[in-house]
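Me: I am new to this structure and would like to go through it slowly, one question at a time. Could you take me through the reasoning behind each answer?

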Amino acid sequence: MRVVGIETEYGIVDPDEPRANPILMSSRLVQACRSWAGDRTARWDYGGEDPLQDQRGFRRSRAQATPELLTDAPEFDESAGEVTLRRRRGSWEDPAHLNAVLANGARFYVDHAHPEYSGPEVTSAHDAVVWDRAGDAIALAAAQRYAEHEGSQVHLYKNNVDGKGASYGTHENFLVRRSTSFDDLARRLTPHLVTRQVFAGAGRVGLGQFGEAAGFQLSQRADYMEAEVGLETTLRRPIVNTRDEPHATRDRYRRLHVIIGDANTFDVATYLKIGTTSLVLAAIEADDERLDTLALAAPVEAVQTVSRDLTLRERLALADGDTASALEVQRALLEICRSYATDAGEAAVIARWEGVLERLATDVFSAAREVEWVAKLQLMGRMRARHASPEAPDGLPWHDARLAAMDLQWSRLGDGLATRLAAAGQVERIASDEEVAAAVATAPQDTRARLRGGIVAARPDVVDAAGWSTVVLDRETDHGHLEVVHLDEPLAARHPLLDALMAG
Amino acid sequence: MAQLNAQGQPYEDETPEPDAPAPTPAAQTSGDALDDLLAEIDGSLQVNAEQFVRSFVQKGGQ
């Protein structure tokens with residue numbers, strides 16, 4: 001069991017006004033999301049003013065801090081969990097950074113020039129799928145509300161490239177032990193991040209950052225990975241991102257921020273992406289040295305090699321001089337990870353992982369119900385073939401605009417081709433529609449997201465703002481200040497003060 | 001691992017046989033379920049594919 005979460009930046013387009021300002025549209029979409037949520041939403045806590053958080057990485061204990069403010073409030077007794085006070089400031093929301101904290105524990109907001117859904121913390125690959133799809137449903141509901149309010153349409157795309165050089169991300173977050181050295185983490189995780197595209201890729205028409213060459217590749221993001229390790233997320237993007245912002249007790253945890261992944265519209269792709277990476281992280285935390293045999297000689301180049309190899313046969317050079325195909329690297333990782341599956345959910349991930357690798361090795365199209373790039377390639381192949389003639393035996397060439405259009409339409413929320421394939425019974429599901437509908441309104445119950453979403457759902461009247469590790473309360477008190485409830489332990493789903501308030 | 005980077009050498013002995021066929025979907029068993037969908041997509045794409053692709057422009061994100 002590991003705490004994980006997925007963030008999705010959606011592509012955004014006004015189909016009738018392609019040049020509409022995307023920041024403005026995103027802001028209005030978040031506004032529409034708030035309207036859809038009714039009262040049950042809160043602002044984001046940017047946490048600029050946490051008096052006890054020291055930049056050197058520790059928090060002063062309550063006992064040493066502003067005792068004149070803390071002692072007279074009954075909720076600050078030991079059993080009440082950590083609460084500090086914050087002075088009030090003028091309240092202003094930047095429309096370019098509009099936020100909605102939702103009853104399901106997620107954050108829906110404007111990030112750069114895109115609307116983003118940051119899903120709540122969950123503890124399994126299955127739940128990651130459930131709350132990821134809930135995000136699509138919420139974004140779609142917001143878009144419908146937008147159309148009613150604005151008198152214009154907004155279309156949302158769950159993809160990562162526009163074919164003109166721009167890329168936007170789908171990031172995964174994994175809570176890992178602080179005691180694992182970051183160098184070990186980066187070195188040992190890289191072969192997995194490079195090769196998992198074989199089942200996690202969403203497929204893309206066009207090669208190169210601008211789609212300058214014709215063709216099809218496994219991954220949306222591969223051409224935008226330009227470094228092995230680094231802090232950046234918007235340029236010179238690294239395979240392993242070093243942002244160290246745990247949103248949790250810093251001396252216990254790291255939050256590994258994975259930016260290489262594609263946005264997925266297929267459940268199995270999301271499920272395996274999260275589930276397998278979590279298991280490889282368990283092997284890394286256990287210091288399993290077998291992982292070192294899989295180190296790649298040239299990881300950045302290998303990302304593109306794997307992405308462009310539709311045969312899945314290309315050999316990658318390993319650091320020790322040997323070679324392996326992406327599927328062989330994945331088979332080896334699967335064997336290592338068998339020892340780290342500790343519950344039924346993780347055992348199911350192993351079984352699915354093994355099955356999908358086997359199908360990919362036998363006949364890639366036998367994985368078309370599970371692997372997104374395969375399904376996309378299959379549909380495109382059929383479209384190409386429809387246009388075959390004696391003069392053009394291959395049918396449509398890869399540079400034909402119709403194939404590029406299908407690639408975009410694939411990922412459109414609501415009526416995209418992936419959605420229509422699923423409606424035609426061509427896509428295997430991990431999460432049921434009922435589970436997804438419940439997750440639109442309800443937070444996961446086994447992480448602190450339960451508290452964040454629960455208080456927003458039950459008592460929005462007392463919530464000033466909320467963040468990943470805080471809920472800021474604004475209610476009648478003697479001290480007259482805002483109260484910051486600290487939720488630094490992601491697995492702590494109960495809090496005496498918040499539970500009391502939620503119970504009414 | 002950067003210092004182990006083989007600077008583009010690794011693949012020269014390991015290029016797969018050039019005629020390794022890229023997979024092409026044969027007439028799939030699931031194919032018939034797709035025929036209607038394909039016909040519909042094809043119809044809509046005749047009209048505006050190029051303009052649609054050209055007008056899909058995003059700002060870079062993370």
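**A helix, a strand and an interface**

Reply: In this predicted model, helix α6(A) is largely enclosed by the rest of the structure, because 17 of its 19 residues are buried.

Me: What does helix α6 of chain A reach from its first C-alpha to its last?
Reply: Helix α6(A) covers residues 267-285, which makes 19 residues. At 1.5 Å a residue a span of 27 Å is expected, and the helix comes close to that value, reaching 27 Å.

Me: Which residue with a positive phi follows α6(A)?
Reply: After the helix the chain comes to a residue whose phi is positive, near 60 degrees. That residue, following α6(A), is Asp287(A).

Me: Which residue of β9(A) stands opposite Gly5(A)?
Reply: Strand β1(A), residues 4-9, is mostly covered, with 6 of its 6 residues buried. Gly5(A), Glu7(A) and Glu9(A) point one way from this strand, while Val4(A), Ile6(A) and Thr8(A) point the other way. Strand β1(A) pairs with β9(A), residues 170-177, in the antiparallel sense over 5 bridges. Opposite Gly5(A) in β9(A) stands Asn173(A).

Me: And which residue of β7(A) stands opposite Glu7(A)?
Reply: Strands β1(A) and β7(A), the latter covering residues 114-118, run antiparallel and are joined by 3 bridges. Opposite Glu7(A) in β7(A) stands Ser118(A).

Me: How many nonpolar residues has the side of chain B that touches chain A?
Reply: On chain B, 37 residues are in contact with 56 residues of chain A. Sorted by class, this side of chain B has 4 charged and 11 polar residues, and its nonpolar residues number 22.

Definitions and conventions
Residues numbered from 1 in each chain as written. Chains lettered and ligands numbered in written order. Predicted model: local features only at pLDDT ≥ 70, side-chain atom pairs only at ≥ 80, totals over all residues. Helix = DSSP H or I, 4+ residues; strand = E, 2+ residues; numbered from the N terminus. Expected span 1.5 Å × (residues − 1). Buried ≥ 20, exposed ≤ 12 C-beta atoms within 10 Å, placed from the backbone. Contact = placed C-beta atoms within 7 Å. Nonpolar A, V, L, I, M, F, W, Y, C, P; charged D, E, K, R; others polar. Pairing = 2+ DSSP bridges.
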